[in-house]
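Subject: Structure handover

Hello,

Please find the structure we spoke about below. My notes on what was found in it follow.

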Amino acid sequence: MAAVIALDVIVVGAGGSGLFAAIEAAEIGRRVLVLEKNPAPGGTTNWAIGSLSSSASPMQTAIGIHDTPAAHFEDMALFHGALLSHDNPDLRKVFVENVPDTLKKLLDMGVVFFGPMPEPPPRVPRMHNVPPNSRAYAHALYRRARELGVDIRLKHRVRHLLYERGRVVGVEAEADGSQHRFIAHRGVVLAGGDFSANREMKSIYAGKAIVQAGALVETSTGDAHQLALDVGAEIVDGEIVSGPQLRFVPPKVT
Ligand SMILES: Cc1cc2nc3c(=O)[nH]c(=O)nc-3n(C[C@H](O)[C@H](O)[C@H](O)COP(=O)(O)OP(=O)(O)OC[C@H]3O[C@@H](n4cnc5c(N)ncnc54)[C@H](O)[C@@H]3O)c2cc1C
């Protein structure tokens with residue numbers, strides 16, 4: 001076991017969510033460590049289309065659209081259809097109220113957007129798209145995190161949460177075949193992406209019909225879900241993946 005390293009916040013995963021969380025913590029003066037199992041940051045974020053739905057954006061204002069988080073909140077329900085009863089209105093509120101600032105921060109980091117594009121049924125165009133593709137997010141976020149002094153360690157796979165007296169106090173990660181312990185005085189953020197490449201989790205939480213669908217990102221193995229389950233968490237709404245928005249993997253070119 002290598003020497004134990006202690007800091008304020010540990011983030012598991014250097015995708016869009018993890019890098020943004022790291023930046024937010026670093027901007028209020030916390031010492032932050034990001035552990036990423038892959039050799040490069042980005043995860044599924046690198047494979048997204050890259051659209052970001054936001055109200056109150058400078059681009060909306062520039063073309064005379066007056067839009068608010070409250071209108072965005074109402075319109076989001078129009079997308080849900082039969083899944084509306086699964087929605088979490090508190091989380092929806094957190095999203096609509098914070099996404100305008102998120103968009104502005106991304107602009108400040110140098111991310112460029114075109115749009116807003118119409119996205120019916122919402123009442124006004126809200127879809128902001130990132131050229132040339134979604135890799136722009138991880139690129140800009142990684143650069144900003146490094147500027148802020150965030151310690152980002154690639155090829156570090158978090159295997160366990162350290163749990164003491166009812167509280168997560170750190171993580172154990174594997175790198176170069178050895179185990180490393182990291183202590184977080186303030187908190188551990190799990191941002192390890194989805195479980196689309198974990199057949200067992202898909203079978204349990206999303207249903208057997210989905211198991212045959214291949215994963216777009218083979219490293220999306222639900223590690224963070226498992227870490228949380230190991231300390232008593234529960235997974236809810238896993239079956240929503242089996243809705244009509246399922247995406248298919250292109251065949252391998254030989
Ligand atoms: C084809 C497609 C198109 C999409 N288009 C859009 C879109 O236009 N707009 C939109 O908002 N969303 C879109 N999405 C959804 C969006 O991509 C995801 O919701 C988002 O990228 C998730 O980000 P994340 O940071 O949570 O996860 P990820 O980006 O997957 O990042 C998780 C990171 O954690 C790392 N990790 C996992 N386990 C460990 C571990 N044990 N130790 C250390 N690191 C670990 C992974 O390697 C990865 O880098 C799309 C998704 C797909 C598949």
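In α1, the buried residues are Gly16, Gly18, Leu19, Phe20, Ala21, Ala22, Ile23, Ala25 and Ala26. A residue is called buried if 20 or more other C-beta atoms lie within 10 Å of its own, exposed if 12 or fewer, and partly exposed in between, with C-beta atoms placed from the backbone. This is a predicted model, in which local features need pLDDT of at least 70 and side-chain atom pairs count only at pLDDT 80 or more, while totals for chains, interfaces and linings use all residues. Residues are numbered from 1 along each chain as its sequence is written. Helices (H or I, at least four residues) and strands (E, at least two) are DSSP runs, numbered from the N terminus.

With nine of its 12 residues buried, α1 is mostly covered. The cover over those buried residues includes β1 (5-12), β2 (32-35), α5 and β9 (178-190). Leu19 of this helix, neighbours within four places in sequence aside, is in contact with Ala14, Val34, Pro41, Ala138, Leu141, Tyr142 and Ala145; contact means that the C-beta atoms, placed from the backbone, lie within 7 Å. After α1 comes Gly29, with a positive phi near 90°.

The ligand is surrounded by 31 residues, and the closest are Gly13, Gly15, Gly43, Ala48 and Gly193. A residue counts as near if its C-beta atom, placed from the backbone, lies within 6 Å of the molecule. Two or more residues of this shell come from each of α1 (16-27), β7 (157-164) and α7 (223-230). The largest share, three residues, is that of α1.

The protein is divided into domain 1 (5-44 + 144-242) and domain 2 (51-132), with bounds from an automatic or database domain assignment. Their C-alpha centres are 26 Å apart. The largest nonpolar core (buried Ala, Val, Leu, Ile, Met, Phe, Trp, Tyr and Cys residues joined through C-beta atoms within 7 Å) has 44 residues, of which Ile10, Val11, Val12, Leu19, Ala22 and Val34 touch the most other members. Each of the two domains supplies at least three residues to this core.

The other helix to look at is α4, which bends by about 40° at Asn98, with a proline, Pro100, following within four residues. The bend is the angle between axes fitted to the seven residues ending at a residue and the seven starting there. Its buried residues are Val96, Val99, Leu103 and Leu106. Among the elements covering them are β3 (51-53), α3 (69-80), β5 (127-129) and α5 (135-147).

Regards

How values were computed: Contact = placed C-beta atoms within 7 Å.
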